[in-house]
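Please read the following report alongside the sequence and the model. It moves from a pair of aromatic residues to the cores, the strands and one loop.

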Amino acid sequence: MGCGAGSIAIPLAQAGHPVIAADFSPAMLGTLDAGIEYYGLEDRITPLELAWDDDWDLVGPVAKAVDVAFASRSVTTNDLKGALAKLDRTARRRCAVTMVANSSPRYDLHVMNAIGASVTRSNGFVYAFNILIQMGALPQVTYFESPRRDTFDSLEAAVADLSRMLEHGNEDKIDRLRDYIAQHMIENPHAGEPGSKGVPQGPYMLDHIRKVRWAFIAWEPVSAPRP
């Protein structure tokens, strides 16, 4: 079962295992439906419109419905303990979540540090680990980084795109941001080729690769099967 990133369930389905792919977004589920139809996986993947705040006893999968329950980069809720408990009660053998382990993926820490901007770092993965310990689980944590290469059509396009990072008291850093981009923008040798999301890459990029650090937390379910 995947929550929030249904596409990552497809490799499991190709291996012959039925999958429940859950997401709260009808648009995301529509994209999943198109992929299911394209690859002929109607009998292997069951899309389900489901949010963390929903009552899973009413609209979610039944207890111990799947062998593995995971949520990749989607545990965004005011009730983290409740969300982890829902994953735990749904899985028979294994649970896992992937959570950001430094700052939001929206930020380029390299740029923010260079222009003297402050960044709020996320400690959600620490809270998740502690909650699981309190639940009686023995969570295992693995850290990894995902590289991201942003490309742009022009200097002003880069400034407009990256200025989204200048919030929470950093709005006065816009001139520093423009100066930094002007000094570190280089030609993109892969301009026009499909990027990570399939969109053609722009002719310019920064001279460093943006990296996002993640924590992969896995545990064996502690909730007992219901009679």
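In this predicted model, tryptophan 52 and tryptophan 56 are both buried, where buried stands for under 20% relative accessible area, exposed for over 50% and partly exposed for what lies in between, using a 1.4 Å probe and protein chains only. Residues are numbered from 1 along each chain as its sequence is written. Because the model is predicted, local features need pLDDT of at least 70 and side-chain atom pairs count only at pLDDT 80 or more, whereas totals for chains, interfaces and linings use all residues; side-chain values use heavy atoms, with hydrogens and water left out.

The structure holds three aromatic pairs. Rings of Phe, Tyr and Trp (its six-membered ring) count as a pair if their centres lie within 6.5 Å, and the pair is called stacked with planes under 30 degrees apart, edge-to-face with planes over 60 degrees apart, and tilted for the rest. Two of these pairs are set out below.

| Pair | Ring centres | Planes | Class |
|---|---|---|---|
| Tryptophan 52 and tryptophan 56 | 5.7 Å apart | 15° | stacked |
| Phenylalanine 125 and tyrosine 143 | 6.1 Å apart | 90° | edge-to-face |

Phenylalanine 125 belongs to helix 6 and tyrosine 143 to strand 6 (residues 140-148), so their pair ties together parts that are 18 residues apart in sequence. Helices (H or I, at least four residues) and strands (E, at least two) are DSSP runs numbered from the N terminus. The two partners differ in accessibility: phenylalanine 125 is buried, with a relative accessible area of 13%, while tyrosine 143 is partly exposed at 48%. Apart from residues up to four places away in sequence, phenylalanine 125 touches Met99, Val100, Ala101, Tyr143, Ala215 and Ile217, a contact being heavy atoms within 4.5 Å. The C-alpha atoms of phenylalanine 125 and alanine 101 are separated by 6.4 Å, although these residues are 24 residues apart along the chain.

What do the nonpolar cores consist of? A nonpolar core is a set of buried Ala, Val, Leu, Ile, Met, Phe, Trp, Tyr and Cys residues joined through side-chain atoms within 4.5 Å. The largest one has 26 residues, of which Leu84, Val97, Ile217 and Trp219 touch the most other members. At least two residues of this core come from each of strand 2 (19-23), strand 4 (66-72), helix 4 (80-90), strand 5 (91-100), helix 6 (124-135) and strand 10 (210-219). Valine 97, leaving aside its neighbours within four places in sequence, is in contact with Ala71, Val75, Leu84, Leu87, Ala215, Phe216, Ile217 and Trp219. A second, separate core of 18 residues includes Met112, Ile115, Ala117 and Leu206.

Strand 2 is largely enclosed by the rest of the structure, because five of its five residues are buried. Val19, Ala21 and Asp23 on one side, and Ile20 and Ala22 on the other, are all buried, and thus both faces of the strand are covered. In a regular strand the side chains alternate between the two faces of the sheet. Strand 2 pairs with strand 3 (residues 45-49) in the parallel sense over five bridges, where pairing requires that DSSP finds at least two bridges between the strands. One of the bridge partnerships joins alanine 22 to leucine 48 in strand 3. Together with helix 2 (residues 26-39), the two strands make a right-handed β-α-β unit; right-handed here describes a path from the first strand over the helix to the second that runs clockwise with the strands pointing away from the viewer.

An open sheet of three strands has the order 7-9-8 with antiparallel pairing, and its edge strands, strand 7 (151-152) and strand 8, each pair on one side only. Strand 8 is joined to strand 9 by three bridges, and methionine 185 has leucine 206 in strand 9 as its bridge partner.

Asparagine 188 lies in the loop between strand 8 (185-187) and strand 9 (204-206). Is this residue buried or exposed? Asparagine 188 is buried, with a relative accessible area of 6%. A polar atom of its side chain lies 3.0 Å from the backbone nitrogen of histidine 190. Not counting residues up to four places away in sequence, asparagine 188 touches Thr151, Gln201, Gly202, Pro203, Tyr204 and Met205.

For the chain overall, there are eight helices and ten strands, and buried residues make up 41% of the 227 residues.

Notes:
Polar contact = N/O pair within 3.5 Å; in protein donor to acceptor, adjacent residues only side chain to side chain.
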